[in-house]
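Biologist: I should be grateful for a close look at a single strand of this model, with its neighbours and its setting in the fold. Please take the description from that strand outwards.

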Amino acid sequence: MTTLNEKLASLKVIPVIAINRVEDAIPLGRALVENGMPCAEITLRTECAVEAIRVMRKEFPEMLIGSGTVLTNEQVDASIDAGVDFIVSPGFNPRTVQYCLDKGVAIVPGVNSPSLVEQAMEMGLRTLKFFPAEPSGGVQMVKALTAVYPIKIMPTGGVSLKNVDEYLNIPAVLACGGTWMVPTKLMDEGKWDELGELVRDAVAHVS
């Protein structure tokens, strides 16, 4: 069975998506899958996010789906119930991490300092999100952290086509989270062909 790390590493880019309408979940999923990016991190920053995950999971069972911006145990429960493969949090909250571990669901919490990395490692985690990547020192900080700690990193926050290669060239970086190929504006306007082109460009760039 393919592990989460193997799946992330094979994808290289994970689209981080804020979705405003449940009815957009299926065309969004189709635009991702058909253009070579069968994955999504749906952030729980919108009211319809959990239901969108549920719809996407049912329609695209083969997709790798995570819920992002998870801040509470209730959001963990809702995410699991909707069928996510993994949980992503912007920061490192030991309570949320322990809850996910107890529930048997993978969590990739956000860290941006040596102290937070050590706290995460103390709880048995080795795959972490580096967030917010660019404001927290970017490529140089990722290199510094991964030179010291035996971890795998998913940088997110300020990653774009301009700098994604620099991050992916670091051996400990599994994949990068990014929003550039899934602009909320294009989803809101129903411009799925344009969004598909951005997805296709991103896939081609990192292939």
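Modeller: In this predicted model, strand β3 sends Leu64, Gly66 and Gly68 one way and Ile65 and Ser67 the other way, and all of these residues are buried. The strand is thus described as mostly covered, with 5 of its 5 residues buried.

On either side β3 has a parallel partner. With β2 the pairing runs in the parallel sense over 5 bridges, and one pair of bridge partners is alanine 40 and isoleucine 65, the latter in β3. With β4 (residues 86–89), strand β3 (residues 64–68) also pairs in the parallel sense, here over 2 bridges. Serine 67 stands opposite isoleucine 87 of β4.

These pairings belong to an open sheet of 8 strands with parallel pairing, in the order β7-β6-β5-β4-β3-β2-β1-β8. The edges are formed by β7 (152–155) and β8 (176–178), each of which pairs on one side only. From one strand to the next, the twist averages 30°.

A residue that links β3 to its surroundings is isoleucine 42. Setting aside residues up to four places away in sequence, isoleucine 42 touches Gly66, Ser67 and Gly68, and also Ile17, Ile19, Leu28, Ala49, Ile53 and Met56. Isoleucine 42 is also listed among the residues with the most contacts inside the largest nonpolar core, together with Ile17, Leu28, Leu32, Met37, Met56 and Leu195; that core has 72 residues. Helix α10 (residues 192–206) supplies the largest share of the core, 6 residues. In soluble globular proteins, nonpolar side chains tend to be buried together.

Helix α2 also contributes to the packing in this region. Within α2 (residues 25–34), the buried residues are Ala25, Pro27, Leu28, Gly29, Ala31 and Leu32. They pack against β1, β2, α3, α9 (184–188) and α10. The helix is followed by glycine 36, which has a positive phi near 90°.

The loops that adjoin the strands deserve separate attention. Beyond the end of β3, threonine 69 lies in the loop between β3 and α4 (73–82). Its phi is near 55°, a positive value in a residue other than glycine. Most residues other than glycine have a negative phi, and most peptide bonds are trans. Threonine 69 has a relative accessible area of 19% and is therefore classed as buried, the limit being under 20%. Another threonine, threonine 46, has its place in the loop between β2 (39–43) and α3 (49–59). At 17% relative accessibility, threonine 46 likewise counts as buried. Apart from neighbours within four places in sequence, threonine 46 is in contact with Ala18, Ile19 and Asn20.

Lysine 12 offers a further case of positive phi in a residue other than glycine, with a value near 70°. This lysine is found in the loop between α1 (4–11) and β1 (13–17). With a relative accessible area of 30%, lysine 12 is partly exposed. Elsewhere, phenylalanine 131 and proline 132 are joined by a cis peptide bond, with omega about -15°. Proline 132 is found in the loop between β6 (127–130) and α7 (138–148).

Helix α3 holds glutamate 51, which is partly exposed, with a relative accessible area of 37%. The C-alpha atoms of glutamate 51 and isoleucine 107 are separated by 20 Å, the two residues being 56 residues apart along the chain.

Finally, the setting of β3 in the whole chain may be given. The secondary structure of the protein chain comes to 10 helices and 8 strands. The radius of gyration is 16 Å, close to the 17 Å that the globule rule gives for 207 residues, so the chain is as compact as a globular protein of that length. Along its principal axes, the C-alpha trace spans about 45 × 35 × 35 Å. Of the 207 residues, 51% count as buried. Among contacts with a separation of 6 or more, 57% are between residues 24 or more positions apart. The accessible surface comes to about 9300 Å², and 52% of this belongs to carbon and sulfur atoms.

How values were computed: Residues numbered from 1 in each chain as written. Predicted model: local features only at pLDDT ≥ 70, side-chain atom pairs only at ≥ 80, totals over all residues. Heavy atoms only, no water. Pairing = 2+ DSSP bridges. Helix = DSSP H or I, 4+ residues; strand = E, 2+ residues; numbered from the N terminus. Axes fitted to C-alpha atoms, helices over the stretch in contact; angles between N-to-C directions. Rg over C-alpha atoms; globule rule 2.2 N^0.38 Å. Buried < 20%, exposed > 50% of the residue type's maximum accessible area, 1.4 Å probe, protein only. Contact = heavy atoms within 4.5 Å. Areas by Shrake-Rupley, 256 points an atom, 1.4 Å probe, with all protein chains shown as cover. Core = buried A, V, L, I, M, F, W, Y, C linked by side-chain atoms within 4.5 Å.
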